[in-house]
Amino acid sequence: MTNQAMTHFKSQVFLILHQSQVGECFSYGEIATLAGFPGYARQVGQLLKKLPKDTKLPWYRVVNAQKRISFIEGSEAYLRQKERLEAEGWLIIAGKLKYKDQ
């Protein structure tokens, strides 16, 4: 990917996250597709991994394709993402996300 394409990809991913609403949750692949780069799910993960801890972007709304948190269960990162998702109405049942109204 050229620098220009990477800059565009990054800005699209961040824009999608910025515009996401409470109650929405996406897979890495869905974000990549919405950004216009289908097949770039891993790159979405790499972008999110590099975000500063104090970011205002709702990175926690992005999970894997099985609707599971990708961090190791019980880790600090897992618990931080789980807490934020639960605050927005998500339940985690047998490791999978389910929205409270579904």
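**Close-up views of a predicted model**

**View 1. The two sides of helix H4.** In this predicted model, the residues of H4 that are buried are Ala77, Tyr78, Gln81 and Leu85. These residues lie on the same side of H4, because the arc that they cover around the axis is only 100 degrees. On the other side of the helix, Glu76, Glu83 and Ala87 are exposed. H4 itself runs over residues 76–87, twelve residues in total, and its first and last C-alpha atoms are 17 Å apart, close to the 16 Å expected at 1.5 Å a residue.

**View 2. The surroundings of H4.** The buried residues of H4 are covered by parts of the structure that include strand E2 (62–63), strand E3 (90–93) and strand E4 (96–99). Gly89 follows H4, and its phi is positive, near 105 degrees.

**View 3. The pair formed by Phe37 and Tyr40.** Six aromatic pairs are found when the whole structure is searched. In one of them, Phe37 and Tyr40 are arranged edge-to-face, with 5.8 Å from centre to centre and 75 degrees between the planes. Phe37 counts as buried because its relative accessibility is 15%, under the 20% limit for that class, whereas Tyr40, at 28% relative accessibility, counts as partly exposed. Phe37 and Tyr40 also belong, together with Phe9, to a cluster linked by ring pairs.

**View 4. The pair formed by Trp90 and Tyr99.** The ring centres of Trp90 and Tyr99 are 4.9 Å apart and the ring planes stand at 70 degrees, so this pair is edge-to-face as well. Trp90 is buried, with a relative accessible area of 8%, and Tyr99 is likewise buried, with a relative accessible area of 16%.

**View 5. The largest nonpolar core.** This core has 26 residues, and those that touch the most other members are Phe9, Val13, Leu17, Ile31, Val44, Leu48 and Leu85. Two or more residues each are given to the core by helix H1 (3–19), helix H2 (28–34), helix H3 (41–49), E2, H4 and E4, and the largest share, four residues, comes from H1. Leu85, listed here among the residues with the most contacts to other members, is also one of the buried residues of H4.

**View 6. The contacts of Val44.** When residues up to four places away in sequence are not counted, Val44 touches Phe9, Val13, Tyr28, Ile31 and Ala32. Among these partners, Phe9, Val13 and Ile31 are, like Val44, listed with the core residues that touch the most other members, and Phe9 is also part of the ring cluster with Phe37 and Tyr40.

Methods: Residues are numbered from 1 along each chain as its sequence is written. This is a predicted model: local features need pLDDT of at least 70, side-chain atom pairs count only at pLDDT 80 or more; totals for chains, interfaces and linings use all residues. Side-chain values use heavy atoms; hydrogens and water are left out. The expected span of a helix is 1.5 Å times one less than its number of residues. Buried means under 20% relative accessible area, exposed over 50%, partly exposed in between (1.4 Å probe, protein chains only). The arc is that of the directions from the helix axis to the C-beta atoms. Contact means heavy atoms within 4.5 Å. Rings of Phe, Tyr and Trp (its six-membered ring) pair if their centres lie within 6.5 Å; planes under 30 degrees apart count as stacked, over 60 as edge-to-face and the rest as tilted. A nonpolar core is a set of buried Ala, Val, Leu, Ile, Met, Phe, Trp, Tyr and Cys residues joined through side-chain atoms within 4.5 Å.
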